[in-house]
Amino acid sequence: MTTAISLKSVTKKFKDFQALNEISFDIQEGEFFTLLGPSGCGKTTLLRLLGGFEQTSTGVIELFDEKIENLPANKRPINTVFQHYSLFPHLTVHENVQFGLKMQGVAKAERVKRADEMLALVQLEKFADRKPNQLSGGQQQRVALARALAPRPKLLLLDEPLSALDLKLRQNMRLELKKIQQQTGITFVFVTHDQEEALTMSDRIAVMSAGHLQQLGTPSEIYEEPVNEFVADFIGETNLLNVNVLKKGEHSADVTIQAYDTEHHDSAVIQVPYFNRLFLGPTAKLSIRPERITIGPLTGETPLTAIVEQSIYMGTDTQYIVTLNTGCELLIRSQNITSEKKTFEQGDKVNISFDLSTARLIRG
Amino acid sequence: MLNIFKLSKEEKVRYGLISPSMLMIGFFLLIPISIVFVYSFLQPGTYGGVEWVFSLDAYKQFLFQEDFLTEELQFTSAYLEIFGRSFLQAAIATLLCFMIGFPTAYFIATRPANTQSLWLFAITIPYWVNLLVRTIAMLFIIRDQGPLNEFLMYLDWIDTPIKLAYTPFAVSLGLFYSFLPFMVLPIYTALSRFDMSLLTAAHDLYASRWAALKNVLIPSVSNGIYAGCLLVFIPSIGSFIAPDLLGGGKQLMIGNLIALQFQGSRNWPFGAAIAIILLTIILITLLIFSLRKKGEQQ
């Protein structure tokens, strides 16, 4: 596989503010790559560095082995789908799509042909002669996509392009974006703060926070094997329990769930898997996804008993908030497989169990 | 015909609200123009004023003059030359205003939002002083012994003063200075509504700075530029003070010509006719422009 983009120790400083700190990673050709993080994490700054709208403070950016960090935006074979589309209001849809080709000096006949192809790709042939303000948000979004794809860029940047659309449309556009990416084979770098978007569309995800790269991996790696508390908490929902590490094995460790306060007692010793560095003592957290916890009626002696604090019916699932016998709260989501009403009510004593292999020990 | 008693309450309110402005336009625009229009078809009175006799002499006089001896009408281009000069002067002033006004408006529109009104305020400060005073001040600056020539001579760039005052260029300069804010303000308004991120998008799509300016910025604010050009061109062409003072009375423009007919020559119908001819030319030009603009939009 060929490397499309290679970032080497890229740093960006705005006056005293360190927006990006020593970012290094490669993006493969034809990959759907997502930069994910909360607002202010530096993902948009990184995108702007790739697009050429900002200059790197230090570090190297290579596009197919060519250094591009000093090239202005109009000299980079990279196009962008902007968050608010930024379509040219005085031009028709067709002229908008032709714009990049026109600036490259492509002859008119070729320009028209390629713009027609692009509009067919996004299914907007009928709207070619309209002005952008005569289109709906979703249609404008597609025009922006067609416009950015028309010059056949080596890299396509997408800056939260779906954030302005309503939910239903957003879900449709996810599938369509992914389909178009596979059809064109162009490398996509997608920026979002929406973890669901990132998980459903990406080949790989870079999770960022406070100007640092936190974790890089496939959606399932990011979800199943978070390297730290930030990633575990940011991607999906999770329960983070303070644990005391008693003994370390090669891939698993013996831990007890720490009591929330002195009135309670630590739980029994349990054995859980871990994937990164770990220290003995009360230094780690146990991450358990809410959907991996089973809630059942109280039956005799079990290691984990709890009291239901809140029970919320959510259609596909019922969500419970329970308090463990060690005093800490847990979020549990159980699928409503049958059409029966929710099984547990506030105040019920319940039995909590989870498959230890699905829990993850991470550094606190 | 509008029947006041048959109007619905809403319509009564609507007509009630627009009536003051309609009255203003009626009294101060339509009636004076009608008077001028009527006067242009009458004969001049001996001591000014008009004789109420229908005549086309005023319009004939614009293109022809009567030979003293034979009393034949001969074509004369004297007044057409004045018209031509006025159009040229106004065009130069408009171009100067655009060249200086557009960057100025761009500068103001790209300042932080809270300082923009301050910059606009600064633009208007010189205009608190009467136009006459400002024009005379300009004459003092550009005359042979004025500070501009003195400064250039001090720098040894020139040996003898450049003749600036009482030239056609001085008139252009005066017109430019008189009407600059009328160019800056509409362009600023258009620019402040322009989404600057479109320039980033153009830049992303391989447009150089110049190409982005030509293909995105200027077409997007063309309405502002159009309005600015009209607001400078039209008052320039009928301007009276700048050509009189800075041109030294040698660079006669339409405004001076009209004034002359009402004051010195006491030929009111001819003055009125010139005013009507100017009005007609401008209206036709505007009509052509707006029709072409409409055509472009469809």
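**Note on a predicted two-chain model**

1. Among contacts in chain A between residues at least 6 apart in sequence, 65% link residues that are at least 24 apart. The model under review is a predicted one. For chain B, the corresponding share, again among contacts between residues at least 6 apart, is 65% joining residues at least 24 apart.

2. The secondary structure of chain A consists of eight helices and 20 strands. Its C-alpha trace extends over about 80 × 50 × 40 Å along the principal axes. Of the 364 residues in chain A, 41% are buried.

3. Chain A is divided into domain 1 (3-229) and domain 2 (237-363). The centres of these two domains of chain A, taken over C-alpha atoms, are separated by 39 Å. To the contact between them, domain 1 of chain A contributes five residues and domain 2 of chain A contributes eight residues. On the side of domain 1 of chain A that touches domain 2 of chain A, two residues are nonpolar, one is polar and two are charged.

4. Chain B has 13 helices and four strands. The C-alpha trace of chain B spans about 75 × 70 × 35 Å along its principal axes. Its radius of gyration is 24 Å, whereas a compact globule of 298 residues would have one near 19 Å. Buried residues account for 29% of the 298 residues of chain B.

5. The contact between the chains draws 15 residues from chain B and 16 residues from chain A. On the side of chain B that touches chain A, the elements giving two or more residues are α8 (197-204) and α9 (209-220) of chain B. Of the elements on this side, α8(B) gives the most, with six residues. By class, the side of chain B that touches chain A comprises eight nonpolar, five polar and two charged residues.

6. Helix α3 of chain B (residues 78-109) merits a check of its length. With 32 residues at 1.5 Å a residue, this helix should span 46 Å, and its end C-alpha atoms lie 45 Å apart, which agrees. The helix nevertheless has a kink of about 30 degrees at G101(B), shortly before the proline P103(B).

7. The kink residue G101(B) is itself buried in α3(B). Other buried residues of this helix include S86(B), Q89(B), A90(B), A93(B), T94(B) and C97(B). Further along α3(B), F102(B), A105(B), I108(B) and A109(B) are buried as well. The cover over the buried residues of α3(B) includes four helices of chain B, namely α4 (113-124), α7 (168-193), α10 (222-237) and α12 (254-262).

8. V50(B) lies in strand β2 (residues 50-51) of chain B. Is V50(B) buried or partly exposed? V50(B) has 18 other C-beta atoms within 10 Å, and because burial requires 20 or more and exposure 12 or fewer, this residue counts as partly exposed.

9. Leaving aside residues up to four places away in sequence, V50(B) touches Y39(B), L42(B), Q43(B), P44(B) and G45(B), together with W268(B) and P269(B). A242(B) stands 192 residues from V50(B) along the chain, and 29 Å separate the C-alpha atoms of the two residues.

How values were computed:
Residues are numbered from 1 along each chain as its sequence is written. Chains are lettered from A and ligands numbered from 1 in the order in which they are written. This is a predicted model: local features need pLDDT of at least 70, side-chain atom pairs count only at pLDDT 80 or more; totals for chains, interfaces and linings use all residues. The expected span of a helix is 1.5 Å times one less than its number of residues. The bend at a residue is the angle between axes fitted to the seven residues ending there and the seven starting there. Two residues are in contact if their C-beta atoms, placed from the backbone, lie within 7 Å. Ala, Val, Leu, Ile, Met, Phe, Trp, Tyr, Cys and Pro count as nonpolar, Asp, Glu, Lys and Arg as charged, and the others, Gly among them, as polar. Domain bounds come from an automatic or database domain assignment. The radius of gyration is taken over C-alpha atoms; the globule rule is 2.2 Å times the number of residues to the power 0.38.
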